[in-house]
Amino acid sequence: MSEKDIDQALVERIYKGDAAAFEVLVTKYQRRIIRLIGRLVRDSAEVEDIAQDAFIKAYRALPQFRGDCAFYTWLYRIAINTAKNHLATQSRHPLISADIIEIENFEGTEYLRDINTPESLLMSKQVAQTVNAEMAILPPTLRTAFSLRELEGLSYEEISVAMKCPIGTVRSRIFRAREAIAAKLRPLLDTPENKRW
């Protein structure tokens, strides 16, 4: 049985009045949802409140879940929208903290992992700060697509469903986000202009 089938079976049990089935889904995805929201909101107390709110919204919206996509993808969409709505009411924009950026995803930084010298540690910190600064100013659609792909590891199809846009748009947003970040990293890493990331 696939993960999608297991989740669908749990949703069907919820439809039949089995409240414990929803607890299973919450337990299964709680850490991942908290991690996702934590990438958009810095205050850890707010993150847990938003995650709880997202699960409540998901529970209330279960009758609209048709199973066209994986439950996890559907839940992601609710969590992202809940976090965005929270930030909008607080008049704040999503922020990405330096400790969540996986520098290893960027080509040309492999030497930063191999040598633990003060210079490489400083360079690593500068790269992380540069990536974070650039992500903070990306438009929300680019930042969300990039985060879901590079940090959460979702497929283009899952991001398409989560963001309610065609796969071509997802690819374009991720490409534009990567290019913006790469443009800021090139001078720091001394890589040529035509180098693809």
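Let me start with a definition: partly exposed lies between buried, under 20% relative accessible area, and exposed, over 50%. By that scale K28 is partly exposed, because its relative accessible area is 28%. Keep in mind that this is a predicted model.

Now, the charges. How many salt bridges does the count come to? Six. I will take three of them.

Start with K28. Its partner is D7, and the closest N and O atoms are 2.6 Å apart. This pair links distant parts of the chain. K28 sits in helix α2, residues 19-38. D7 sits in helix α1, residues 3-15. The two are 21 residues apart. Now look at the burial. K28 is partly exposed at 28%, but D7 is buried, with a relative accessible area of 2%.

Next, R13. R13 forms a salt bridge with D18. Here the closest N and O atoms are 2.8 Å apart. Is either partner buried or exposed? R13 has a relative accessible area of 39%, so it counts as partly exposed. D18 comes in at 25%, and D18 is partly exposed too.

Third, R178 and E150. The closest N and O atoms of this salt bridge are 2.2 Å apart. Again the pair links distant parts of the chain. R178 belongs to helix α9, residues 167-189. E150 belongs to helix α7, residues 140-151. They are 28 residues apart. R178 is partly exposed, at 24% relative accessibility. E150 is buried, at 19%. The cut-off for buried is under 20%, so E150 falls on the buried side.

Back to D7 and K28 for a moment. They are joined with E3 into one network, through salt bridges that share partners.

Now a charge without a bridge. E134 is found in helix α6, residues 118-137. E134 is buried, yet has no salt bridge. Which side chain of opposite charge is nearest to E134? K184, and it is 4.3 Å away. Why is that not a salt bridge? Because the rule asks for a nitrogen within 4 Å of a carboxyl oxygen, and K184 is 4.3 Å away. K184 is still a contact of E134. So are A180 and I181, leaving aside neighbours within four places in sequence.

Cysteines, quickly. How many disulfides does the count come to? Zero. C69 is buried, with a relative accessible area of 12%. C165 is buried as well, at 10%.

On to the nonpolar side. In soluble globular proteins, nonpolar side chains tend to be buried together. In this model, the largest nonpolar core has 43 residues. Which residues have the most contacts inside it? I33, I37, F71, W74 and L148.

Where does the core come from? Helices α1, α2, α3, α4, α7, α8 and α9 each supply at least two residues. For reference, α3 covers 44-61, α4 covers 71-89 and α8 covers 156-163. The largest share comes from α4, with ten residues.

Look at W74 in particular. Not counting residues up to four places away in sequence, W74 touches A58, A61, L62, F65 and C69. That last one is the buried cysteine at 12%.

Finally, there is another core, apart from the largest one. It has ten residues. Among them are L138, F146, A177 and I181. We have met I181 already, in contact with E134.

Note on methods: Residues are numbered from 1 along each chain as its sequence is written. This is a predicted model: local features need pLDDT of at least 70, side-chain atom pairs count only at pLDDT 80 or more; totals for chains, interfaces and linings use all residues. Side-chain values use heavy atoms; hydrogens and water are left out. Helices (H or I, at least four residues) and strands (E, at least two) are DSSP runs, numbered from the N terminus. Buried means under 20% relative accessible area, exposed over 50%, partly exposed in between (1.4 Å probe, protein chains only). Lys and Arg count as positive and Asp and Glu as negative; His and the chain ends are not counted. Contact means heavy atoms within 4.5 Å. A disulfide is a pair of cysteine sulfur atoms within 2.5 Å. A nonpolar core is a set of buried Ala, Val, Leu, Ile, Met, Phe, Trp, Tyr and Cys residues joined through side-chain atoms within 4.5 Å.
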